[in-house]
Amino acid sequence: MPFDPLPESLTELLGRPDTERLRAVELGCGDGRLLGLLRRSGLACLGVDRMPRAAGSTAEVRGDACQPPLRPGSLDLVLAANLVRHLLPAQPTLGFLETWLGLLKPGGSIFILEDEPTGTTPAAAHYRDLQDFLARLWPSARGPLVTGSEFRRRLPPAVATRVADFGTGANHWPQDADAVVAMLRAGAPAAGGEAARLADAIAADGLACSRQWWCRLIASQDLGGQT
Ligand SMILES: C[S@@+](CC[C@H](N)C(=O)[O-])C[C@H]1O[C@@H](n2cnc3c(N)ncnc32)[C@H](O)[C@@H]1O
């Protein structure tokens, strides 16, 4: 889900007088909610996703975010929102980050944004449980939510030196709890089973992302976009 508010360092970048000249890509853009937000800020951002448009993706380019079909050293900005959790099962050591840094022009930025699963309200706990449940349904395609501190711990040393901003904060983006309850109940889940219990809990308490974390990596100015 998108993020509200966006991290301050991203908002600053989007507010620059030359924003519309930045060459930007959102990897794993999905249904385009964040992409829409970015474009309304004046960023001419390209969307990439492995999902075809027929399945609801808004991506102009279909491809794997781990090997994006994009020219190395060609971008000012790479965004990946709620994508890292999908890539971790196949690449737990975050090898894709070296590839993304290689896409950047010198001084270009990567922004990674994710839900932070440490919210303490019932609605935040249900969101975390929902993501765990979905990860168990499709273990090869998605993992559970990962905390910002766990992500930082996994950063390869050469990539860790490129961290320019890292933080956690509130995420007020509203969740459509009714739609999620309907989705969970659509398959007529067994009474007392996990899907039914989750649907009942969300119907009672609601659903909230609650918190987010972000990490900005900057490509070296002197190594031509390499780490
Ligand atoms: C949770 S959605 C996030 C959508 C959007 N970025 C947002 O924040 O609203 C994750 C998206 O990543 C895409 N995805 C997952 N693994 C991918 C991969 N290896 N390559 C490209 N897209 C991928 C999925 O198809 C899905 O559209």
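Trainee: How should I read the accessibility of S109: does S109 count as buried or exposed?
Mentor: Relative accessible area decides it: under 20% is buried, over 50% exposed, and partly exposed in between, with a 1.4 Å probe and protein chains only. S109 has 2% relative accessibility, so S109 counts as buried. Keep in mind that this is a predicted model, where local features need pLDDT of at least 70, side-chain atom pairs count only at pLDDT 80 or more, and totals for chains, interfaces and linings use all residues. Residues are numbered from 1 along each chain as its sequence is written, and side-chain values use heavy atoms, leaving out hydrogens and water.

Trainee: Where is S109 found, and which residues does S109 touch?
Mentor: S109 sits in strand β5, residues 104-115; strands (E, at least two residues) and helices (H or I, at least four) are DSSP runs numbered from the N terminus. Contact means heavy atoms within 4.5 Å. Beyond residues up to four places away in sequence, S109 touches D76, L77, V78, L104, R216, L217 and I218. The side chains of S109 and R216 are also joined by a polar contact of 3.0 Å. That term covers N or O atoms within 3.5 Å; within protein, one must be able to donate a hydrogen and the other to accept it, and residues adjacent in sequence count only if both atoms are side-chain atoms.

Trainee: Now a helix. Which residues of α8 are buried?
Mentor: In α8 (residues 177-186), they are A177, V180, V181 and L184. Seen down the axis, these buried residues fall within an arc of 100 degrees, so they line one face of the helix; the arc is taken from the directions from the helix axis to the C-beta atoms. The buried residues of α8 pack against α5 (122-137) and α9 (194-205), while D178 and A186 are exposed on the other side.

Trainee: What is the phi of A188, which follows α8?
Mentor: Phi of A188 is near 45 degrees, a positive value in a residue other than glycine. A188 lies in the loop between α8 and α9 and is exposed, with a relative accessible area of 65%. N82 also has a positive phi, of about 55 degrees, although it is not a glycine. By contrast, N82 counts as buried, at 10% relative accessibility, and belongs to the loop between β4 and α3.

Trainee: How many aromatic pairs are there in the whole structure?
Mentor: Three. Rings of Phe, Tyr and Trp (its six-membered ring) pair if their centres lie within 6.5 Å; planes under 30 degrees apart are stacked, over 60 edge-to-face, and the rest tilted. F96 and W100 have ring centres 4.9 Å apart and planes at 50 degrees, so this pair is tilted. Both lie in helix α4 (residues 96-103), four residues apart, about one turn of the helix. Ring pairs also link F151, F166 and W213 into a cluster.

Trainee: And the nonpolar core: which residues touch the most other members?
Mentor: In soluble globular proteins, nonpolar side chains tend to be buried together. A nonpolar core is a set of buried Ala, Val, Leu, Ile, Met, Phe, Trp, Tyr and Cys residues joined through side-chain atoms within 4.5 Å. Here the largest has 30 residues, of which L27, L97, W100, I112 and F151 touch the most other members. Its largest share, five residues, comes from α4. Apart from this core lies another, of 21 residues, among them F3, L13, L37 and L113.
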